[in-house]
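Visitor: Could you show me how to read a protein model? I'd like to begin with how strands line up.

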Amino acid sequence: MTRRIRVIVPVPMDEAGVANRAAQLPSDLALPGFEPTFVSVRTGARLADSYYETLLMDMTITEAGLSAEADGCDAVCIDTVSDSGLLALRSRLTIPVLGPGQVAFHTACMLGHRFSIVSMWDTWFPLYRESLTRHGLWPRLASMRSIDTRPDLNELLAGKEEVLFPRLEAQCRAAIEEDGADVIVLGSTTMHQSHPWLAERLPVPVVNPGLVMYKQCELLLQLGLTHSKRAYPPPETPQDGIFHSLRAPDNTA
């Protein structure tokens, strides 16, 4: 039996962009019998650079995931450390729904005492603050740092490795040596290309959010576990049509 996992890319992308996101998951990492498929939202946010955009991501990721269970998917993974749409989809679906922020931060807590989040730019810090508050993880945070560089969500870090990787390494080392971090969490799934470089050079574990989320998803499916419907109760009157109306052409601008 093949278990299908829908991985939702949080911003609209063409096939090449989706392929770049899917590259974070090496073909040999997925266990036999599991089939991850990356799909992009149809419209919505571009950079997650504001509360305005994160609201868009909540709505469009929810729309992209609502049909997953009816379509025969066995789980949903959300390809953004903001975990946008996570709560709404857990409320609406009974199959497992996972976000890389929640999984990565809790994984870091299992691997060390205090972790630091190293990101592309400070603009994403509010996303982490919301997640840290929701999960009560502020006591385990050493710091949030960034290289103050506007991200390219389509090309990711490709072609900029020689410049960006050393800058990321420098911020990671500062988090370890100055802030007391004993685990590093990458602040975005778009940073996955830097993981091998950093993991090879740093003296502490480096958590790649997209990978730990996906493997946790496989584990839950193997164990027959999903989120508690007491914690995430379903709506009395589902109104999925409101979300699906976001597909309309006049909402793509």
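Guide: Let's begin with one pair: valine 9 of β1 has serine 40 as its bridge partner in β2. Before we go on, this is a predicted model, so to speak: local features need pLDDT of at least 70, side-chain atom pairs count only at pLDDT 80 or more, and totals for chains, interfaces and linings use all residues. Residues are numbered from 1 along each chain as its sequence is written, and side-chain values use heavy atoms, with hydrogens and water left out.

Visitor: What do names such as β1 stand for?

Guide: Helices (H or I, at least four residues) and strands (E, at least two) are DSSP runs, numbered from the N terminus. Two strands pair if DSSP finds at least two bridges between them. Here β1 and β2 run parallel and are joined by 7 bridges.

Visitor: How many bridges join β1 to β3?

Guide: There are 4, and those two strands run parallel as well. As an example, valine 7 has cysteine 77 as its bridge partner in β3. Carrying on, β3 (residues 75-78) is joined to β4 by 2 bridges, again in parallel, and valine 76 is partnered with valine 97 of β4.

Visitor: In what order do the strands of that sheet come?

Guide: The order is β2-β1-β3-β4, in an open sheet of 4 strands with parallel pairing. At the edges you find β2 (34-40) and β4 (97-98), each pairing on one side only.

Visitor: Which strands make up the other open sheet?

Guide: That one also has 4 strands, in the order β6-β5-β7-β8, with parallel pairing. Its edge strands, each pairing on one side only, are β6 and β8 (206-207). Look at β5 (residues 115-119): this strand pairs with β6 over 5 bridges, in the parallel sense. Within that pair, phenylalanine 115 stands opposite leucine 141, and valine 118 faces arginine 145.

Visitor: Are strands like these buried or exposed?

Guide: First the cut-offs: buried means under 20% relative accessible area, exposed over 50%, and partly exposed in between (1.4 Å probe, protein chains only). For β6, 6 of its 6 residues are buried. Strand β1 (residues 3-9) is mostly covered too, with 5 of its 7 residues buried.

Visitor: And what is a nonpolar core?

Guide: It's a set of buried Ala, Val, Leu, Ile, Met, Phe, Trp, Tyr and Cys residues joined through side-chain atoms within 4.5 Å. The largest one here has 77 residues, and those touching the most other members are Ile5, Leu89, Phe105, Phe115, Tyr128 and Ile184.

Visitor: What does isoleucine 5 touch?

Guide: Contact means heavy atoms within 4.5 Å. Not counting residues up to four places away in sequence, isoleucine 5 touches Phe34, Glu35, Pro36, Thr37, Ala75, Cys77, Tyr214, Cys217 and Leu221.

Visitor: How do I describe two packed helices?

Guide: You give the angle between their axes and the distance between the axes. Axes are lines fitted to C-alpha atoms, for helices over the stretch in contact, and angles run from 0 to 180 degrees between N-to-C directions. Take α4 (residues 100-111) and α5 (residues 125-135): their axes come within 10 Å and cross at roughly 65 degrees. The contact involves Gln102, Phe105 and His106 from α4, with Tyr128, Ser131, Leu132 and His135 from α5.

Visitor: Is a single residue, say proline 100, buried or exposed?

Guide: Proline 100, which is found in helix α4, is buried, with a relative accessible area of 0%. Leaving aside neighbours within four places in sequence, its contacts include Ile78, Thr80, Thr189 and Met213.

Visitor: How about the two glutamates, 63 and 155: buried or partly exposed?

Guide: Glutamate 63, in helix α2 (residues 51-66), is buried at a relative accessible area of 5%. Beyond its neighbours within four places in sequence, glutamate 63 is in contact with Arg42, Phe243, His244, Leu246 and Arg247. Glutamate 155 sits in the loop between β6 (141-146) and α6 (161-177) and is partly exposed, at 43%. Leaving aside neighbours within four places in sequence, glutamate 155 is in contact with Asn20 and Gln193.
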